[in-house]
Amino acid sequence: MTEIEIVEIKNLLLIPQEIVILSHRNPDGDAIGSSLGLALLLRKLMHTVKIVVPSEYPNMLSYLPSLDSIEVFDLKHDECRAIVDKAKMIFLLDFNGLDRIDKLGENVQFSKAKKIMIDHHLDPEPVADYVMSETEASSTCELIYKFITQLGYEHLIDEKIGECLFTGLVTDTGSFKYSTRPYTYQVAANLKEKGVDDYTLQNNIFNSLTVKQLQLLGHCLANRMEIMEEHGAAYIYLTKEDYAKFSIGRGDTEGIVNYMLMVHNIKLAALISEQPTVVKISLRSKGDINVQAMASTHFRGGGHKNASGGAAYAKLDDIINRFKQAVPNYTNPS
């Protein structure tokens, strides 16, 4: 985003107005953290701010301030459409195309509001008036911090805003294990200076499993994990019966895919989940293995180089076989 564009946006924000912040379906820590952090900042500037997401967020984010102010489209279709239609400014956070917000994309597309996209995924679509897109950024929360400082409002960041933004840094980097750059740590240090208790925050995020979730993890590792040793890959699959047996809900499978990468020689991992109408796949990798390319080529998905996902209307066995056939092209390219 250019200096001229930053000045234009700052001028737009001089007059209090109706602002809507949107993020993607199945919102994660970065989506919710960036949305709440920006909303709290804009409210300090006397704007009326609403946050709308297509579907519900994980319970492990319940520690975040003002979480109950978020509107969920799946629960309130008409109300959410009306909120978007009324907006004078719309922020699009942590997604790069209107298909990521499902049917709300139609309302955004035809809205005359000024649109600002802030995101770190590849290939943003030309749907916004202003775009801050940095694929090398650790998270959208990192970019929200940068956006706030470029506007000259860093002094307005307090502990609550910092807590929201730190959440995205932690969750999208796996506690700073990947997708970091020097600026990521500068942001983390500055937020800690604002009063963020990073120990308590990480404890809230990573030590909040229920007994059911722990039992599900054990089932996945003991009964549903397959190792492709010759290719340095592994996958876990979940059937519809698994979903019923463990009453799997939103957020219950979060992080399971990462456990396979703890094995020394495993460099590509997948969690393949059979859901009522679609089979979803979550992909993770180490080093130079590009699962974003795998997701977009084979599973109508996308994301980041080392963390992506997709879905397909097919049988579970077909998706497993599709994954197994694709693996050698990414772990052992000719």
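This is a short dialogue on reading a sheet, its helices and a surface patch in a predicted model.

Q: In what order do the strands of the open sheet lie?

A: Happy to start there. Strands of a sheet pair through backbone hydrogen bonds, either parallel or antiparallel. Here 6 strands form an open sheet in the order β7-β8-β9-β10-β12-β11, and the pairing is mixed. Its edge strands are β7 (225-228) and β11 (302-303), each of which pairs on one side only.

Q: Which residues stand opposite each other where β12 pairs?

A: Take β10 (residues 279-285) and β12 (residues 307-312), which run antiparallel and are joined by 6 bridges. Leucine 283 stands opposite serine 308, and isoleucine 281 has glycine 310 as its bridge partner. β11 also pairs with β12 in the antiparallel sense, over 2 bridges, and these two strands form a hairpin with 3 residues between them. There, glycine 303 is bridged to serine 308.

Q: Where do the side chains along β12 point?

A: In a regular strand the side chains alternate between the two faces of the sheet. In β12, Ser308, Gly310 and Ala312 point to one face and are buried, whereas Ala307, Gly309 and Ala311 point to the other and are not.

Q: Which strands does helix α9 lie across?

A: Helix α9 (residues 211-223) lies across β7 and β8 (233-238), at about 125° to β8. Helix α13 (residues 316-331) also packs on the sheet, touching β7, β8, β9 (268-274), β10 and β12, with its direction at about 165° to that of β9.

Q: Why does tyrosine 259 count as partly exposed?

A: Its relative accessibility is 33%, and partly exposed covers values between the 20% and 50% limits, so tyrosine 259 falls in that class. This residue sits in helix α11 (residues 256-259). Together with Leu221 and Met262, Tyr259 forms a nonpolar surface patch of about 290 Å² accessible area.

Definitions and conventions. Residues are numbered from 1 along each chain as its sequence is written. This is a predicted model: local features need pLDDT of at least 70, side-chain atom pairs count only at pLDDT 80 or more; totals for chains, interfaces and linings use all residues. Side-chain values use heavy atoms; hydrogens and water are left out. Two strands pair if DSSP finds at least two bridges between them. Helices (H or I, at least four residues) and strands (E, at least two) are DSSP runs, numbered from the N terminus. Contact means heavy atoms within 4.5 Å. Axes are lines fitted to C-alpha atoms, for helices over the stretch in contact, and angles run from 0 to 180 degrees between N-to-C directions. Patches are made of residues with over 30% relative accessible area and no salt bridge: like charges are joined within 9 Å, nonpolar side chains (Val, Leu, Ile, Met, Phe, Trp, Tyr) within 5 Å. Accessible areas come from the Shrake-Rupley method with a 1.4 Å probe; for residues, only the protein chains shown count as cover. A salt bridge is a side-chain nitrogen of Lys or Arg within 4 Å of a carboxyl oxygen of Asp or Glu. Buried means under 20% relative accessible area, exposed over 50%, partly exposed in between (1.4 Å probe, protein chains only).
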